[in-house]
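Here is a friendly walk through one model, written for someone who likes to think in atoms and distances. Have the viewer open as you read.

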Amino acid sequence: MEVLKNSIDIKIEIEKVFCNVCGEEIKKDIYGYYNDYIHIEKEWGYNSDFDGEKHSFDICSQCYKKMVSDFKIPVNGE
Ligand SMILES: [Zn+2]
């Protein structure tokens, strides 16, 4: 015999995404999918200016375009 109890599963999902560079909200299309963006998570190791810190941020495609245009060496791409 199984004795059941009530339980609630809490699901954590992304409600909104903001670009850390321009501060604008990254919108969803009419199908509910986010316009593509970059999400970066970095745990800094020793021999860095951020020993042990965990950083994360998001960048919209417009800000990414501006950022990579300043690179001295272009991004690899197909
Ligand atoms: Zn942006």
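K27 and E25 join their side chains in a salt bridge, with N and O 3.7 Å apart. Keep in mind that this model is predicted. In general, side chains of opposite charge can pair when their charged atoms come close. E25 sits in the segment before β1, the strand that covers 37-43. Is E25 buried, exposed or partly exposed? E25 counts as partly exposed because its relative accessibility is 28%, and the buried class needs a value under 20%. Setting aside neighbours within four places in sequence, E25 is in contact with K16, V17 and F18. There is also a long-range relation to look at: E25 and C60 are 35 residues apart along the chain, yet their C-alpha atoms are separated by 8.7 Å.

How many salt bridges does the model have? The count comes to two. The other pair is K11 with E13, where the closest N and O atoms are 3.8 Å apart. Both of these residues, K11 and E13, are exposed.

| Salt bridge | N to O distance |
|---|---|
| K27 and E25 | 3.7 Å |
| K11 and E13 | 3.8 Å |

Now to the interior. The largest nonpolar core has six residues: V17, C19, I26, I59, C60 and C63. V17 links back to the charged pair, since this core residue is one of the contacts of E25. I26 is a good place to centre your view: beyond its neighbours within four places in sequence, I26 is in contact with V17, F18, C19, Y34, N35, Y37, I59 and C60. Among these contacts, V17, C19, I59 and C60 are themselves listed in the core.

The core includes the cysteines C19, C60 and C63. C19 counts as buried because its relative accessibility is 2%. C63 also counts as buried, because its value is 7%. How many disulfides does the structure hold? The number is zero.

Next, the strands and the loop that joins them. I40 is placed in strand β1. With a relative accessible area of 31%, I40 is partly exposed. Not counting residues up to four places away in sequence, I40 touches H55, S56 and F57. For a distance check, I40 and E24 are 16 residues apart in sequence and 17 Å apart in space, C-alpha to C-alpha.

N47 belongs to the loop between β1 and β2, the latter covering 54-60. What is special about the backbone of N47? Its phi is near 60°, a positive value in a residue other than glycine. Most residues other than glycine have a negative phi. N47 is also exposed, because its relative accessible area is 81% and the exposed class starts over 50%.

Finally, turn to the outside. Y64, M67, F71 and V75 form a nonpolar patch on the surface, and together they offer about 320 Å² of accessible area. F71 lies in the segment after α1, the helix that covers 61-69. Why can F71 take part in such a patch? F71 has a relative accessible area of 40%, so this residue is partly exposed, and patch members need over 30%.

Terms used:
Residues are numbered from 1 along each chain as its sequence is written. This is a predicted model: local features need pLDDT of at least 70, side-chain atom pairs count only at pLDDT 80 or more; totals for chains, interfaces and linings use all residues. Side-chain values use heavy atoms; hydrogens and water are left out. Patches are made of residues with over 30% relative accessible area and no salt bridge: like charges are joined within 9 Å, nonpolar side chains (Val, Leu, Ile, Met, Phe, Trp, Tyr) within 5 Å. Accessible areas come from the Shrake-Rupley method with a 1.4 Å probe; for residues, only the protein chains shown count as cover. A salt bridge is a side-chain nitrogen of Lys or Arg within 4 Å of a carboxyl oxygen of Asp or Glu. Helices (H or I, at least four residues) and strands (E, at least two) are DSSP runs, numbered from the N terminus. Buried means under 20% relative accessible area, exposed over 50%, partly exposed in between (1.4 Å probe, protein chains only). A nonpolar core is a set of buried Ala, Val, Leu, Ile, Met, Phe, Trp, Tyr and Cys residues joined through side-chain atoms within 4.5 Å. Contact means heavy atoms within 4.5 Å. A disulfide is a pair of cysteine sulfur atoms within 2.5 Å.
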